[in-house]
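Here are a few points that I would ask you to read alongside the structure, which is shown next.

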Amino acid sequence: MTQPSGTGTGPVTAGEGGRPTASRTLNQRLFSLFVPAFRAVGGIFFDRKRLVGIYFDDSTVGWKWVLRGILFQKILGFNRNISWPVSPLNTVSISRNLEFDPDDINMFNEMSGKYFQNFAAPIRIGKGTWIASNVGIITANHDPTDLNRHLPGQEVVIGEACWIGMNAMILPGVHLGPRTIVGAGSVVTRSFPEGDCVVVGNPARLVRTLAPGQADDGLTPK
Ligand SMILES: CC(C)(COP(=O)(O)OP(=O)(O)OC[C@H]1O[C@@H](n2cnc3c(N)ncnc32)[C@H](O)[C@@H]1OP(=O)(O)O)[C@@H](O)C(=O)NCCC(=O)NCCS
């Protein structure tokens, strides 16, 4: 999965309060001068509040997604109404009802086959969570008595620093606690709100609990 590469001139470090530090290269300083202009232009097509964070502030990666989004979303119509860049290979139902951290916007722009079905209820995704290809996160089933309609939606909550393996399905109403790992191909039909665990299979069952700190959430300073 792509980590922001900056401008390709070395590591980007932010000082206290996000201020640039002396380790920023000249190229990175020059690049950051253009970011407000990129954001102004990108804001014509997308919600500029979404065009922030590690993929935009010191990196060209997010801006490439913006360019791709202008072509595929705004001109060709894939995910047209979504207010942030989303790959044409992934699908988001609507812009509202999806909570995620700006630094995790890569989940919509990398890999393929992901479906965030959020038109009926919110999907809330905690900071630092990774979602692999072909994952479905579903908030509403079809009404079995009338397949042209949906049953009322149920919110899906995925905690911080979870990892959802390839081809997993998260079904309506599921809540996963922080640092939950969902095995590839699993169908999660019920909640595991405690977190710090590995769940696998169809229906997903608990196979392992992780001691606090055993799962590296990537959020805790070392
Ligand atoms: C969930 C996962 C991380 C577990 O790894 P692990 O902790 O090493 O688990 P183990 O291999 O020890 O397996 C524990 C048990 O769960 C079962 N199991 C593991 N993964 C499973 C899966 N995806 N589906 C069903 N059962 C699974 C094993 O067969 C084993 O069962 P057993 O105790 O009856 O023999 C791993 O199996 C997995 O699915 N990884 C996802 C990979 C992926 O999607 N990557 C995408 C790129 S980001």
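**Notes on the model**

1. Around the ligand there are 13 residues, and those that come nearest are Gly165, Met166, Gly183, Ala184 and Val200. Please keep in mind throughout that this is a predicted model.

2. As for the make-up of the shell around the ligand, seven of its residues are nonpolar, five are polar and one is charged. Strand 15 (197-200) supplies at least two residues of this shell, and strand 16 (205-209) likewise supplies at least two.

3. In the segment after strand 16 lies Leu210, whose C-alpha atom is separated by 4.9 Å from that of Asp196, although the two residues are 14 residues apart along the chain. Leu210 has 15 other C-beta atoms within 10 Å and is therefore partly exposed, since a buried residue would need 20 or more and an exposed one 12 or fewer.

4. The axes of helix 1 (residues 26-45) and helix 2 (residues 61-75) come within 10 Å and cross at roughly 25°; because angles under 35 degrees count as roughly parallel, helix 1 and helix 2 are roughly parallel to each other. The crossing in which helix 1 passes helix 2 is left-handed.

5. To the contact between these helices, helix 1 contributes Phe38, Gly42 and Phe45, while helix 2 contributes Trp63, Val66, Gly69, Ile70 and Lys74. Sorted by character, the residues of this contact of helix 1 with helix 2 comprise five nonpolar, two polar and one charged.

Notes
Residues are numbered from 1 along each chain as its sequence is written. This is a predicted model: local features need pLDDT of at least 70, side-chain atom pairs count only at pLDDT 80 or more; totals for chains, interfaces and linings use all residues. A residue is near a molecule or strand if its C-beta atom, placed from the backbone, lies within 6 Å of it. Helices (H or I, at least four residues) and strands (E, at least two) are DSSP runs, numbered from the N terminus. Ala, Val, Leu, Ile, Met, Phe, Trp, Tyr, Cys and Pro count as nonpolar, Asp, Glu, Lys and Arg as charged, and the others, Gly among them, as polar. Axes are lines fitted to C-alpha atoms, for helices over the stretch in contact, and angles run from 0 to 180 degrees between N-to-C directions. Angles under 35 degrees count as roughly parallel, over 145 as roughly antiparallel, 65 to 115 as roughly perpendicular and the rest as oblique. A crossing is left-handed if the near helix is turned anticlockwise from the far one by less than a right angle, and right-handed if clockwise. Two residues are in contact if their C-beta atoms, placed from the backbone, lie within 7 Å.
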